[in-house]
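Visitor: Please pick a single part of this one and take a close look at it with me. I'm new to this, and plain words are welcome.

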Amino acid sequence: MKLPESFYQQTNVVKIARQLLGKGLYTRIDGEVTGGIIVETEAYSWKEWGSHAYGPQGAKKTPRNAVMFDKGGHTYVYLIYGMHYLFNVVTNRPDVADAVLIRAIEPLEGVEIMKARRGKLANPFHLTSGPGKLTKALGIDRKWNGKFLLDNEVWIEDFGRKTPSKNIEASPRIGIDYAGEDAKLPWRFTLKGNRWVSK
């Protein structure tokens, strides 16, 4: 069952980032479904320097981050280093620019299709163990920006089970040294001991 729209419109982005662990992220391209279990997330609030929407006088809207200002339940996909697409889930109410970065999934469906998209790998656990790796495996690029997660192209499944707090590890987010003190916030969440978590 797909997560309902109300899930994404909760007001605590950190809570949502934790709750997304153990859910299933899927894409459907030309009738082929690929996806897996979300095992790593990062929360981003417009109120802190790590967010693309941060502004000293309030959230700052730009052509790049405009979808973050939509109601929760849309996708925010952007390119970094000119080569990697990153997939985010927009959360909260309209004009409150919060989002959760999906950093890693454990492959579950369409594994051979994902392998073909990724090419030869030195380590099989590198298939989807990182934000740029999982988007390539799932066939996600900038054209997926602004998709609605209750449609049938990309969605998140609720398997009907809750991930116990004891199975979740919290740590600082990766690659945001520019965020100063906010870079130390323990807003990266991983499933403890999962081999698909990014290194």
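Guide: Let's start with phenylalanine 125, which is partly exposed at a relative accessible area of 25% (under 20% is buried, over 50% exposed and in between partly exposed, with a 1.4 Å probe and protein chains only). Tryptophan 196, on the other hand, counts as buried, at 13% relative accessibility. Before we go on: the model is predicted, and local features need pLDDT of at least 70, side-chain atom pairs count only at pLDDT 80 or more, and totals for chains, interfaces and linings use all residues. Residues are numbered from 1 along each chain as its sequence is written, and side-chain values use heavy atoms, leaving out hydrogens and water.

Now for the rings. The structure has 5 aromatic pairs (ring centres within 6.5 Å, using the six-membered ring of Trp; planes under 30 degrees apart are stacked, over 60 edge-to-face, the rest tilted). Phenylalanine 7 and tyrosine 8 make one of them, edge-to-face, with 5.4 Å from centre to centre and 90 degrees between the planes. Both phenylalanine 7 and tyrosine 8 are buried. Back to our starting residues: the ring centres of phenylalanine 125 and tryptophan 196 are 4.8 Å apart and their planes sit at 65 degrees, so this pair is edge-to-face too. What does the pair link? It ties together distant parts of the chain, 71 residues apart: phenylalanine 125 is in the loop between helix H3 (111–118) and H4, while tryptophan 196 is in the segment after S8 (helices, H or I with at least four residues, and strands, E with at least two, are DSSP runs numbered from the N terminus).

H4 and S8 turn up again in the largest nonpolar core, since helix H4 (131–138) and strand S8 (188–191) each supply at least two of its residues. That core has 37 residues, and Leu20, Leu25, Ile38, Phe87, Ile102 and Ile156 have the most contacts inside it (a core joins buried Ala, Val, Leu, Ile, Met, Phe, Trp, Tyr and Cys through side-chain atoms within 4.5 Å). Setting aside neighbours within four places in sequence, leucine 25 is in contact with residues including Ile38, Phe87, Leu134, Leu138 and Ile156 (contact means heavy atoms within 4.5 Å). Apart from this core lies another, of 15 residues, with Ala53 and Tyr76 among them.

Helix H2 (13–19) also supplies at least two residues to the largest core, and arginine 18 is found in H2. Arginine 18 is partly exposed, at 28%, and its C-alpha lies 7.4 Å from that of threonine 41, 23 residues away in sequence.
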